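Visitor: I would like to learn how to read a few features of a protein model, one at a time. Could you take me through some of them?

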Amino acid sequence: MARKRIFFISLFVVSVVGLAIIQYRYLRIGLNLARVQFSQKIAEAGAEIRQDFYGRNQLTFLLANALEQDTSFFRTDPAQLTDASRYFLKDYLRERLVDHQIDRDFSFSLMARDSSYYLQSTAVIPEEEQGYTYPMELQGYLPERFGKRMVLQLEFRNLNRYFLSQLSGLTLPTLLFLAGIVAVVLWVLRTYYWQRKVITTTNEFINNLTHELRTPVFSISLAAKILNEKLADSYREYTESILNQTKKLSTHIDKVLELGALEHTRTLIQKEELNFRPVLDRLCRDFLDRCQMEGQEFEYRLEEGPYPIRASVFHLENAVNNLLDNARKYGEDSEISLSAGVRGNLLEIKIRNGGTPIPPEALEELFKKYYRLPRGDRQKIRGYGLGLSYVRTIAERHQGKVSIRSNPKIGTVVEFVLPLLRHGN
């Protein structure tokens, strides 16, 4: 169990880490695509800006005078002319960038290649935060007026946050889904191990209780046997009733202990190779004698030939007796039948009674521990809902299966199937 737990926890951790890595790689791809798209938009905006700067217009004329500090035309202070040029150029550049769906803080600088003329935006981005620089060599009016190569350079802050904001429709749902998967799996694991702890505690309590009950049951049975030998015949019916009830109680205690040992500790069943037909024939004859004493109709038919299996005789006898006893208790005095035969590589045992059909929704529930069909006078029949759970456990431990069909036409049919011992096994 510890190894299985470590395996599933490791598988969960590896799966979550793998999913996170895959999502991270997809995110990197998305960021690269966003950078490519951004570069394309900048290139398109740059083409328009270079075209606007080619001729002599209000913007290029203002910038040329600001670079030369020439106030003869505008008749203002050189510093004021420079500030006006900065704001005018920044508004123009922002408008062009927004037209191309680029809404991001930036700084700019307009300069000659030899830096003899220089105009820079007021808000300068620190060098460590500059994530993208786009220089544009200008043609036309400005280079011709100054006789120098002129460059307009745009600088953007670190664009990772901007790109992530563009991918928020992908990253946020991914993180939410991943967190949801982790939360659900952790909750399932916590619930599973909590339930296992409760089941383990319950099984330990039941096992301890049944062990403690064995001593008083044995004492009562012994005392009843002694009284049965010494009391007069008129009182023996009481002692025999005590003996019968203590025998039933002892049977129930043994059944609980056997089921708990099989399910909780996964004890290995000691199996042997045998022909099960003589064993099944003996069980049917014993049950027939019991039914005749109680006025119950029972017939059985065992096909000829050996039934070679590898099994525990003790547990298979208990399983078949449980099925026959259930057919008697819940058959409502209808005829009970048992048939067995070889079908391919399987031994099929069918037990049928004609009692009230079982609802379809309850058929699978019948194999759960402590479940009893809550309907009508069935609750008058004593039991603890352990018989069919024990039968299914025995069938599974023998690589077989048990199933129930029930309808008004056929009554209730239980099929107990076991694999035959193949030659060479």
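Visitor: Does Gln 399 count as buried or exposed?

Guide: Please keep in mind that this is a predicted model. A residue counts as exposed when its relative accessible area is over 50%, and Gln 399, at 59% relative accessibility, therefore counts as exposed.

Visitor: Where is Gln 399 placed, and what is its phi?

Guide: The general idea is that most residues other than glycine have a negative phi. Gln 399, which lies in the loop between helix H10 (387-397) and strand S10 (401-407), has a positive phi near 60° although this residue is not a glycine.

Visitor: Which other glutamine has a positive phi, and where is that residue placed?

Guide: Gln 101 has a positive phi of about 60° and is likewise not a glycine; its place is the loop between helix H3 (78-99) and strand S1 (106-112). With a relative accessible area of 58%, Gln 101 is exposed.

Visitor: How many residues of H10, the helix followed by Gln 399, are buried?

Guide: Nine of the 11 residues of H10 are buried, so that the helix is mostly covered. Among them are Leu 388, Tyr 390, Val 391, Ile 394 and Arg 397.

Visitor: Where does pLDDT stay under 50?

Guide: Where pLDDT is low, the predicted coordinates should not be read in detail. In this chain, pLDDT stays under 50 over residues 377-381, for which the model has 11 contacts beyond four places in sequence. For the chain, the mean pLDDT is 80, and 82% of the residues reach 70 or more.

Technical notes
Residues numbered from 1 in each chain as written. Predicted model: local features only at pLDDT ≥ 70, side-chain atom pairs only at ≥ 80, totals over all residues. Heavy atoms only, no water. Helix = DSSP H or I, 4+ residues; strand = E, 2+ residues; numbered from the N terminus. Buried < 20%, exposed > 50% of the residue type's maximum accessible area, 1.4 Å probe, protein only. pLDDT = per-residue confidence, 0-100. Contact = heavy atoms within 4.5 Å.
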